[in-house]
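Trainee: Could you pick out one part here and take me through it closely? I would like to know what surrounds it, and how it connects to the rest.

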Amino acid sequence: MRLKRSLTLMLAAVLLLGGGLPGLIYTTHTWTAQPVVQAPNTNEETLPPETQAENDSFQAMFSQVADALPSLAPQVSPLDKTAVVPVLMYHHIDPDGEGSASITPELFREHMSALSQAGYAALFPDDLAAYVNGEMALPEKPVVITFDDGYLSNYQYAYPILKETGMVATIFVIGATVGNTEHYKDTNYPITPHFSFQQGAEMVASGIISIQSHTYDMHQWAPYETSDHPRVNILPLAGETEEEYRAFLSADCQKIRQAILEGTGEPKVHAMAYPSGKWNDLAQQVLLENGFDITFTTTPGCALLVKGDPQSLLGLPRYDMSRPVTVEALLNLVSPARGTPLNQAPETGETPPATE
């Protein structure tokens with residue numbers, strides 16, 4: 001009986017695994033029904049009647065399970081349910097290449113040209129959501145290009161290079177510093193220039209740039225702030241109650257959304273890049289309650305999207321490009337990219353029916 005129970009549990013596990021587990025990358029496999037063959041009994045000793053009856057009963061059960069496997073197995077390969085999308089994170093583009101978060105226009109052009117020539121197609125966050133929701137297929141080699149903070153150099157250098165190379169990008173802006181070209185907010189401290197809402201509107205209208213949130217004012221530069229408790233990231237402040245934190249973050253979410261919608265004409269603001277990549281479960285919960293259902297971190301890696309699983313749009317990793325990354329190294333980072341057609345032909349080779 002112990003053997004029968006163990007084998008039964010193993011069969012159940014096989015059936016469960018056949019249904020697929022979201023969040024994992026699978027190896028393609030095909031279920032086939034194999035006839036259950038009774039091994040010849042080479043032992044001259046005859047089994048006791050009760051043991052023989054139990055053996056026959058189990059053999060019949062095993063045959064039924066084997067016969068049912070093709071109908072219980074997934075009709076679509078698990079690979080058809082997932083996509084691997086590398087996400088690149090840039091910041092400032094500087095002709096002199098100065099600063100820890102800067103690259104030169106020449107290197108950025110090399111990056112974009114190499115991706116384009118290698119057949120990579122750049123996507124917006126909305127495209128990732130549409131794939132997960134089953135509304136669109138992804139290209140064979142998907143990639144997402146992002147910029148954090150909203151520097152003027154994004155408008156001066158990145159925007160025309162993207163246009164030139166046929167790529168698109170998403171810029172996560174800090175609402176409080178949009179349009180600051182000389183000073184940090186209302187201080188006399190110098191700031192690396194940030195583009196204006198008018199310039200953002202031009203980029204959005206081109207179809208090449210999407211403007212999304214890096215919070216309105218939760219990415220503060222502590223040395224320039226007068227508060228004793230500056231908000232350098234999206235995490236709660238020390239001693240802040242959950243009620244206070246929820247109210248503050250919710251207000252910030254609404255403020256940045258309204259600013260981007262009214263200032264740039266961006267049709268939908270629902271993606272956020274966590275300032276400094278910091279976040280926790282409470283922050284993510286409040287963001288979801290406020291309609292931000294796509295979030296990005298600074299953890300290196302490729303995003304694994306799962307059809308029908310909106311959780312796979314949260315905490316997406318990104319590769320940091322804000323340092324001299326060679327073209328060869330870039331192409332190596334994005335090489336795992338794998339899109340998945342919405343209606344892929346079955347493994348039998350049949351062509352799916354045409355859709356209107």
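## From one loop residue to the packed interior

Mentor: Happy to! Threonine 215 is placed in the loop between β7 (209-213) and α7 (242-264). Please keep in mind that this is a predicted model. The phi angle of threonine 215 is positive, at about 80°, although the residue is not a glycine. Is threonine 215 buried or exposed? With a relative accessible area of 0%, threonine 215 is buried, since the cut-off for that label is under 20%.

A second residue makes a good companion to that one. Aspartate 149 is not a glycine either, and its phi is positive at about 95°. Unlike a loop residue, aspartate 149 belongs to a strand, namely β5. Its relative accessible area is 7%, which means that aspartate 149 counts as buried too.

Strand β5 (residues 142-149) leads us to the part I would like to dwell on, because β5 pairs with strand β1 through 4 bridges, the two running parallel. Within that pairing, valine 87 of β1 stands opposite valine 144 in β5. How many of the residues of strand β1 are buried? The count is 9 of the 9 residues in the stretch 82-90, so β1 is largely enclosed by the rest of the structure. You can check this face by face, as both sides of the strand are covered. On one side, Thr82, Val84, Pro86, Leu88 and Tyr90 are buried. On the other, Ala83, Val85, Val87 and Met89 are buried as well.

β5 is one of the strands joined to β1. Strand β10 (residues 302-306) is another, linked to β1 by 5 bridges and running antiparallel to it. There, valine 84 stands opposite leucine 304. Strand β11 (residues 319-320) is joined to β1 by 2 bridges, and this pairing is parallel. Leucine 88 of β1 faces tyrosine 319 across it, the two standing opposite each other.

Now zoom in on proline 86, which is found in β1. Proline 86 is buried, because its relative accessible area of 0% is under the 20% cut-off. Leaving aside neighbours within four places in sequence, proline 86 is in contact with Pro142, Val143, Val144, Cys302, Val334 and Ala337. Of those partners, cysteine 302 is 216 residues away along the chain, yet the C-alpha atoms of proline 86 and cysteine 302 are separated by 4.3 Å.

One of the contacts of proline 86, Val334, also takes part in a helix pairing. Helix α9 (residues 327-334) and helix α3 have axes that come within 10 Å and cross at roughly 45°. α3 and α9 are therefore oblique to each other, and the crossing is right-handed. From α3, the contact is made by Glu110, His111, Ala114 and Leu115; from α9, by Val327, Leu330, Leu331 and Val334. These residues divide into 6 nonpolar, 1 polar and 1 charged.

Helix α3 (residues 105-117) also has helix α5 (residues 152-165) as a partner, with axes that come within 10 Å and cross at roughly 25°. α3 and α5 are therefore roughly parallel to each other, as angles under 35 degrees fall in that class. This crossing, too, is right-handed. Pro105, Phe108, Arg109, Met112, Ser113 and Ser116 of α3 meet Tyr157, Ala158, Ile161, Leu162, Glu164 and Thr165 of α5. The residues of this contact divide into 7 nonpolar, 3 polar and 2 charged.

Isoleucine 161, which lies in α5, lets you look at that contact from a single side chain. It counts as buried because its relative accessibility is 3%. Not counting residues up to four places away in sequence, isoleucine 161 touches Pro105, Phe108, Arg109 and Met112. Proline 105 is 56 residues from isoleucine 161 in sequence, with 8.3 Å between their C-alpha atoms.

Finally, here is the chain as a whole. Its secondary structure comes to 9 helices and 11 strands, and buried residues make up 42% of its 356 residues. Among contacts with a separation of 6 or more, 69% are between residues 24 or more positions apart.

Definitions and conventions. Residues are numbered from 1 along each chain as its sequence is written. This is a predicted model: local features need pLDDT of at least 70, side-chain atom pairs count only at pLDDT 80 or more; totals for chains, interfaces and linings use all residues. Side-chain values use heavy atoms; hydrogens and water are left out. Axes are lines fitted to C-alpha atoms, for helices over the stretch in contact, and angles run from 0 to 180 degrees between N-to-C directions. Angles under 35 degrees count as roughly parallel, over 145 as roughly antiparallel, 65 to 115 as roughly perpendicular and the rest as oblique. A crossing is left-handed if the near helix is turned anticlockwise from the far one by less than a right angle, and right-handed if clockwise. Contact means heavy atoms within 4.5 Å. Ala, Val, Leu, Ile, Met, Phe, Trp, Tyr, Cys and Pro count as nonpolar, Asp, Glu, Lys and Arg as charged, and the others, Gly among them, as polar. Buried means under 20% relative accessible area, exposed over 50%, partly exposed in between (1.4 Å probe, protein chains only).
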